[in-house]
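I opened this entry to record what I looked up in the model, taking one helix, one cavity and one side chain in turn.

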Amino acid sequence: MKISRDELKDLMKNKLLSAGLKESDAEIASQILVYSDSRGWHSHGAVRVEYYSERIFKGGINTNPNIEFTQTGPCSGMVEGENGLGFTIAKFGMEKAIDLAKENGVAIVGMKHMSHSGSIGYYTEMARDQGLIGISMCQSDPMAVPYGGSQPYYGTNPIAISAPSKYGESMMFDMATTVQAWGKVLDKKSKGQSIPSDWAVDEEGRPTTDPHQVNALVPIAGPKGYGLMMMVDILSGLLLGVPFGAGVSSMYQDLSKGRDLGQLHIVIDPERFVGAEKFKEDMSTSLRELNEIAPAPGFDQVYYPGQRGKLREEKSNKEGIEIPDEIIEYLKSDKIHFDRYDGKNRFAE
Ligand code: NAI
């Protein structure tokens, strides 16, 4: 059903409050979740509220952490999250990175011991809205084979970047490093459809088109995506001293325990390089040039990353957001969760 952005946000906020989050955390989480739904990233919106609620209710997200920032050098810092809400920790880390970059030109801030932080492009846009370049990356639970392997090792380890421009264009690139999100495999399975052969592999590491045989996802562009996943794990895992590789906690392993995840933000002030105004002007030129490239057959136009999401957001703000009925029913119900996620084997689902 179609629902207005504000109503959806309020419903999610109320559910997260009833699960045990404090007001400020529920506000941040619902803001970022509705951002994802409005941009068309439904895999990271309202569909996740029941999972978060179950984890909060069972104690796997610390609702009263002492989130602390330590500046470790002129341009570097670490946030200790005490396994509090990932959204709040990632937002706090970006606020600190923005302050440091404004002061010293660049900033690298690591966040450790946190829970899932949703669509990470959101945090890069916080930097962009201050005239800075924002980059973010984070770990996620192991579900992708390393190139040539048969067992999962890395997560879908996303990377995002956003840069300011003269006319406020919404450039923001944000992607998982797997060919497809796990949610898309589940969707095909529920519809009894096959999947393209380049999405996933079976138990022996062979490409499969049968969603029931999937044992792991595959990196984008073979060894190149594998390398990007590794880069994310090095910078947001090993560098920060949290579990890495196959040691990263699973989303559903034990919902009473903190996930101990890591995330890294990098913020760059263009003023310290080419100059802020020149950079913004050139960004707008570059985005316009991309839009002017003649489309290939079958395409209506060349978009820059983030452009279509922004158009979807504008439409959502006017016309409402399409959310499955059962999700709205759950959000409106008195039920905090249905005990559906704890101990679930996502591949056997
Ligand atoms: P996607 O495949 O929908 O989009 C990837 C990128 O390609 C986006 O920047 C989009 O703007 C761009 N794009 C798509 N179509 C385009 C076109 N026609 N022209 C130009 N650019 C285009 O994103 P994906 O990989 O499915 O990720 C979805 C979300 O999931 C992201 O927000 C990501 O941060 C989040 N995620 C979060 C994880 C976590 O653990 N926190 C793990 C994995 C993903």
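I began with helix α5 of this predicted model, where I found G121, Y122, Y123, T124, E125, M126, A127 and R128 to be buried. Because eight of the eight residues of α5 (residues 121-128) are buried, I noted this helix as largely enclosed by the rest of the structure. I then asked what covers the buried residues of α5. The cover includes the helices α2 (23-39) and α4 (86-104), together with the strands β5 (133-138), β6 (159-162), β7 (172-175) and β10 (261-268).

Next I turned to internal cavities, and a search of the whole structure gave one cavity of 30 Å³ or more, with a volume of about 40 Å³. I listed its lining as Y51, Y52, R55, I61, L85, F87, S115 and H116, which by class makes five nonpolar, two polar and one charged residues. Which helix gives the largest share of this lining? I found that helix α3 (residues 49-58) does, with three residues.

Staying with helix α3, I looked up E54, which lies in it, and asked whether E54 is buried or exposed. With a relative accessibility of 0%, E54 counts as buried, because the cut-off for that term is under 20%. I also followed the side chain of E54 and saw that it reaches the backbone nitrogen of Y341 at 3.0 Å. Leaving out residues up to four places away in sequence, I recorded that E54 touches L255, H337, D339, R340, Y341 and D342, so that Y341 appears in my notes both for this contact list and for the 3.0 Å approach to its backbone nitrogen.

How values were computed. Residues are numbered from 1 along each chain as its sequence is written. This is a predicted model: local features need pLDDT of at least 70, side-chain atom pairs count only at pLDDT 80 or more; totals for chains, interfaces and linings use all residues. Side-chain values use heavy atoms; hydrogens and water are left out. On a 1 Å grid over the protein atoms alone, a cavity is a set of points where a 1.4 Å probe fits but cannot get out, and a pocket is an open set with protein on both sides within 12 Å along at least five of seven lines; lining residues have an atom within 4 Å of a point. Grid points are joined across faces, edges and corners, and a volume is the space filled by probe spheres set on the points. Helices (H or I, at least four residues) and strands (E, at least two) are DSSP runs, numbered from the N terminus. Ala, Val, Leu, Ile, Met, Phe, Trp, Tyr, Cys and Pro count as nonpolar, Asp, Glu, Lys and Arg as charged, and the others, Gly among them, as polar. Buried means under 20% relative accessible area, exposed over 50%, partly exposed in between (1.4 Å probe, protein chains only). A polar contact is a pair of N or O atoms within 3.5 Å; within protein, one must be able to donate a hydrogen and the other to accept it, and residues adjacent in sequence count only if both atoms are side-chain atoms. Contact means heavy atoms within 4.5 Å.
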